[in-house]
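Thanks, everyone; I would like to take a few minutes on one model, going through some strand pairings and then a helix packing.

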Amino acid sequence: MIGRTLGTYFGRRFLSSVLGIFLGCSGLIMLIDLLELSRRVGERDVDFGTLILLVIYRMPFFTEQLLPFAVLFGAIGTFLTLSRRLELVVARASGISAWQFIAPACLLAVLLGVFSTTVFNPVSADFKDRASRLEAEIFNRQTGLFASTTGGFWMRQQSVDGQAIIQAAATSEGGRVLTGVNVFLFGTDDKLIERIEARRAILESGAWRMENARVLTPAIGLQEYDTYMLATNLTPNQVQDTLQSDTVPFWHLPAAIEAASRLGFGVERYRLQYQSLLARPMLLLAMVLIAASVSLRVFRFGGIGQTILGGVAAGFLLYVSTKLAEDLGEAGIVHPIIAAWFPAVVGALMGVLILLHREDG
């Protein structure tokens with residue numbers, strides 16, 4: 001059995017390697033995002049401090065996708081460094097098996113996955129929501145008539161005014177305020193009877209209060225209103241929970257699934273997001289096992305370049321297969337549980353199989 005001191009040493013080396021890669025890549029992502037936002041802002045009157053704040057808000061969402069690769073490259077770097085310095089050779093000579101000295105890295109990968117799901121994901125979702133609101137304030141100040149009808153958030157409602165499809169650039173105040181709003185109102189015969197654009201929509205008791213609204217109807221034409229009321233049966237929680245799965249924190253996803261199902265929305269993306277977050281510790285564990293399967297050979301045997309390339313290729317294929325399975329799950333072709341868990345479980349089993357073959361014959 002690996003001793004506590006040696007296990008702590010291996011674990012500390014793995015964790016420092018993962019954090020170094022994660023923080024280094026995060027800094028690079030922030031720099032690239034800042035340059036891209038500066039280009040998008042163009043001639044708008046936006047101060048540099050606001051751009052920095054927007055980059056900070058956007059950063060957790062981007063880096064959340066980076067974590068599996070940080071674990072993969074950190075594990076490969078750790079095992080190769082230990083092998084190059086003959087520390088793994090000494091550990092083997094003292095009777096410690098490969099399974100024992102990769103155990104600290106496996107345990108830390110699982111703990112990182114749990115932390116990412118339960119703590120980092122809610123922070124990422126909250127910051128992404130703040131980023132969406134700030135982006136709406138920056139990029140919708142000079143929006144023209146009916147200019148933004150793609151992207152953002154979409155929702156559907158049924159009220160006394162008829163069925164309406166609402167598109168918004170951002171939401172704030174727990175779903176009570178929408179920014180950059182477009183509404184398509186349909187009659188009982190499913191024909192479009194009205195189109196509304198508003199800078200902002202505020203949810204009141206039984207109605208949306210739209211500010212600076214422009215209403216286009218086939219019979220009357222274009223009309224402008226300082227305030228325009230649209231009936232609704234939605235509550236703030238329903239609005240917040242049915243906007244977008246990646247802005248719903250892990251702890252709120254079960255309620256979002258229930259709300260989306262009650263309102264007639266497709267719930268596959270929420271179920272898939274929930275299962276993917278539950279499977280994240282297994283995915284990170286699979287990354288460590290894949291890294292171990294390609295990087296535990298003795299350093300003096302050579303072929304290190306091929307080893308690194310093989311590990312990167314295997315991790316990339318696992319990540320791509322995970323995203324492909326998620327797309328199939330979101331489309332309803334594959335059950336969300338299978339789509340979320342299958343790639344991670346198969347990747348972990350493949351890593352174990354290769355290690356068994358190399359270490360135990």
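I will begin with the strands and then turn to the helices.

This is a predicted model, in which local features need pLDDT of at least 70 and side-chain atom pairs count only at pLDDT 80 or more, while totals for chains, interfaces and linings use all residues. Residues are numbered from 1 along each chain as its sequence is written, and side-chain values use heavy atoms, with hydrogens and water left out.

Helices (H or I, at least four residues) and strands (E, at least two) are DSSP runs numbered from the N terminus, and two strands pair if DSSP finds at least two bridges between them. Strand E4, residues 192–204, runs antiparallel to strand E5, residues 207–217, and 8 bridges join them, with Glu204 standing opposite Ala207 of E5. The two form a hairpin with 2 residues between them, and Gly206 in that turn has a positive phi of about 80 degrees. E5 also pairs with strand E6, residues 221–231, in the antiparallel sense over 10 bridges; here Arg214 is opposite Glu224 in E6, and 3 residues lie between the strands of this hairpin.

Now the helices. Helix H2, residues 48–84, packs with helix H7, residues 268–295, at an angle of about 25 degrees with the axes 8 Å apart, the axes being lines fitted to C-alpha atoms over the stretch in contact and the angles running from 0 to 180 degrees between N-to-C directions. H2 is therefore roughly parallel to H7, a term that covers angles under 35 degrees.

Conventions. Angles under 35 degrees count as roughly parallel, over 145 as roughly antiparallel, 65 to 115 as roughly perpendicular and the rest as oblique.
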